[in-house]
Each structure stands twice: as C-alpha cells, then as structure tokens.
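Biologist: Hi, could you walk me through this one? I'd like to start with a single helix and then zoom out.
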Amino acid sequence: MTAETFVPALRVEGLTKTFGTKTVLRDVDLDVRSGETVVVIGASGSGKTTLLRCVSHLELPTAGTVDVDGRPIGRVPVAGGWKNSSERQLAIQRRCIGFVFQRFNLFPHLTALDNVAIGLRKVRGFSAREARARAAEHLSKVFLSDHVAKRPHELSGGQQQRVAIARAIAMEPTIILFDEPTSALDPELVREVLDAIRLLATGGMTSVIVTHEMSFARQVANRVIYMDEGVIVEQGTPAELFGAPREPRTRRFLEHFTISNTGRPNEQH
Amino acid sequence: MSIDWNIVQTAIPLLARGTVVTLQISLVAGVLACIIGFALGLASLSNFRPLRWIISAYVDFVRGTPLLIQVFLVFFALPVIGIRFDEIWAGIIALAFNTSAYIAETVRGGVGSVERGQTEAAKSIGMFRWQILSYILLPQALRPMLPPLTNELISMTKNTSLLSVISVYELTRAGQAIISVHFVPFEIYLLLALYYYALIKALSYFSRWIESRMPAL
C-alpha cells in the first residue's frame, strides 16, 4: 500500500454530538492506524465515552463521519451524496467495530462459552460446533478456559470483563473500543483485565481505550489523547504527553492525577 | 332451606362434563391467545410506526370494551358481514383475541424491562433487531413475564363462563340447564362456584409450580 492510498483502520472526521442544548463532542478528528493502541484520558464529562459510543454508532452522531478500513459507518452512498444507514445496514456495518463496556453487559442467560459463541453462530454463521470451538479458543486467550461453563453471575467482575473481551475479539473486528473497562471493578480485579488487554494489544489488536489507569496507559499506548470539553486538547506518545505536556489544561489534569489517583480533576480555566 | 342432595348427586357428573368443555375451550383459547399475544407484543416492538399504532389501537379497544360485548360481536355481528362461526369457535375466538391484547402488553413490558446494556451488547456484535429480540431479550424477559402471563390465562379460564350466554355447553351452561329443568338455583350455583374455585385453584398451583421450576437468571 503506498502512502497516498493509506487507509487508516479508523478515521473520524468532524464528529459532533449534542444532547439537547449540550454539546458533548465538538468537531473531533481522529485517525487510528492498524495495530495501533490509542488511549483516551480526560475528566469525567469530557466526552471520551461519547466519542466511543458515536464511533460505534450506539449513539448516533449529530454531525461528522466515521470510516473503518475506508468503509463508512452509519451512512450509505446515494446519488449525489450520503444518507443515514437503516438499522439493518448499520448492524452489518458495525460488525467491524468491537465494543467492551464498562459494566460488561454479558448475557446473563448464557454461559461464558455461549456469550462468546452466540455472535459467531448467529452473526458470523458458524455451525454450533465450530462456534463453540472458536469461542473456547478465544476464552483461553483471556485465561478463562476453566470457566467456560459458568454463567456470568458465577464469575467475578474481572472474569466477566474478560469474557466480554473474548466476546468482542471473537467477532474479529477491525478495531475494538474499550469504554473504561476497569472502572466498575474492585481494585484487586483491575490488573487481570488490564493484563488481558495488554496481551491483545501487543498481539497486534487495533484499539481505542478510554481509561483512568494512567500507568497502564503509559505502558500500553502507542498514542495518548487528552480530551476536555468534547475536544481533543492534546495527543502524543506516552512519553510526550505524560513527560512533557504542552497544553496547560493537560498539565493541570495530569498534575491532579499524580497527586490523587481517585479525585476528580480540576476543571477551572 | 334444606339442600336437595339428590339433585347434587345428579348434577355432579353433568357438571363434570361441563368442566371438561370449559377446560378444552380454555386450552385452545389459551394457546391461540399466547400465539397472537406474543406476535402482537413483538410486533409492537418493531420500529415500523404504523404497525405499532394499529396494535396499540387494537389493545386499547379490547381493554376498553367488555368481554361480553366482544363475544356478541364475534357471534352475532360478524355473521352479518359474512363471517360465521359456531358458538364454540365464536367463544374461543372472542376469548383468544381478548386475552391476546393483555398478553401483548405483558410481552411488550417484559421485553422493555430488560436492561438497555443488553441491547447495546447485542448490537455491538452486529446482531439484527430480530436476533436481539429472540436470542437476547425474550429469553431474559420470560421469567418476569410468567406471573402476569399465567394470571391472564387463569382469568381467561374464569371468563369462559360468559360463553354460556351464546349457548356454549361449558360449566356454567351445564349448571343452568339443570336449573331450568329442576329449578334448584341454590344447590347448582353453589356447586358451580365450588367447581370453578377448585379449577382455578388447581391452575394457580400449577402455574406457581411452573414458575418455581423456571431457572432464575
């Protein structure tokens, strides 16, 4: 592929989202290369989660475009322009985007194995047998081979989140979006989930990860993005952003973080 | 006032036969009501607006009019426009459509009560709306839907007594037939009440038993 025809795994252009009169995302542009791990940090209410939800079109953007591997998400070409995808078209377009939720959202009526297998079967069309074999393989990648037959309520939060990760990677999406994957976990369970994500990231998975785990961001990210008030304030390598932030807002946010890991960052200007 | 035990003895087997008809009607109407009710309930969750309006108008009409009038509509009014049923089928159809409206609401409410994150997770793996409904939402909604559902079916069974007015020979009608010959309303209506009570009790025990066997999520 030559430089001129380079197509990013994810291209976001002019993404804007308003809820009523409140603008949560303002004209956000973002490219993610294949294999890249992008970590998004920022205070709560800065628009990080909305960014991910708009990329996957779980929330429909007010304006802007999203393309994965050069293929449009949420819109289809018509004579002389674009129109919004139908629900059915969107379901198909969305298959190249994986999503890991803060609260896991596992299917409580299914075992861990079937949580992973159901998409392989019903969406990707594998036979029941093949779907289960693949699901077992993906569960082993997140170290859950011993728990395949358990229902979500029999698993710890960390295990549930790892099942959710296996469910997402099993669909072999182009990119996976992680929405604060460890925020709902007890502190002692955070590590196992981050380890699983780290392993997948080093294995070449393309991902955008919203997190408050700064040391994890530092280790795993190829690029860190700092968001505030619905815009990308600053981005760079972990060394650049954590070591020498250019923007005062970024500096204030990070300072606050090193002082207290739990407090809400200062938002005065 | 003394009870005529001879009449009671004569009545018991006759009423038993009526009970069998009541059960048969309830079973057929119940199955039909579930099929129609689930279909309507699921259709009312579609995002095709005209369909939702039609169903909600239907449910509104059924819930806003007496069952007795609906029975008359099916048995006396429909033949005028050329749709004719015998009294048993008219009764079954009226009951089934009446109950289906309530079941449709139960289904809609049950599916709607499943947490939003479930739909989002299913969307995130690329499922179509109908797949989300049938593989994710409905299985989770069945458990909370069961008590209201069995209640609807049990009250439908009680309502079969209304079919006596269109000469369906079910339990109530069987009793009335005895009364009209022997004029013993006290004994027979008391017996009828007991028969219905036993029937309904048995059905509610049965449905509690089913509920207890449903695995909790």
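Modeller: Seven of the eight residues of helix α1 of chain A (residues 48–55) are buried, so the rest of the structure largely encloses it. Buried means under 20% relative accessible area, with a 1.4 Å probe and protein chains only. Helices are DSSP runs of H or I with at least four residues, strands are runs of E with at least two, and both are numbered from the N terminus.

Biologist: Which residues of α1(A) are buried?
Modeller: A:Lys48, A:Thr50, A:Leu51, A:Leu52, A:Arg53, A:Cys54 and A:Val55.

Biologist: And what phi does A:His57 take, just after α1(A)?
Modeller: A positive one, about 60°.

Biologist: Is this predicted, and what are the ground rules?
Modeller: This is a predicted model, where local features need pLDDT of at least 70 and side-chain atom pairs pLDDT 80 or more, while totals for chains, interfaces and linings use all residues. Side-chain values use heavy atoms without hydrogens and water, residues are numbered from 1 along each chain, and chains are lettered from A and ligands numbered from 1 as written.

Biologist: Switching to chain B, how many helices and strands are there?
Modeller: Chain B has eight helices and zero strands. Its C-alpha trace spans about 70 × 45 × 20 Å along the principal axes.

Biologist: What share of chain B is buried?
Modeller: 45% of its 217 residues.

Biologist: What about contacts in chain B?
Modeller: Among those with a separation of 6 or more, 77% join residues 24 or more positions apart; contact means heavy atoms within 4.5 Å.

Conventions: Buried < 20%, exposed > 50% of the residue type's maximum accessible area, 1.4 Å probe, protein only.
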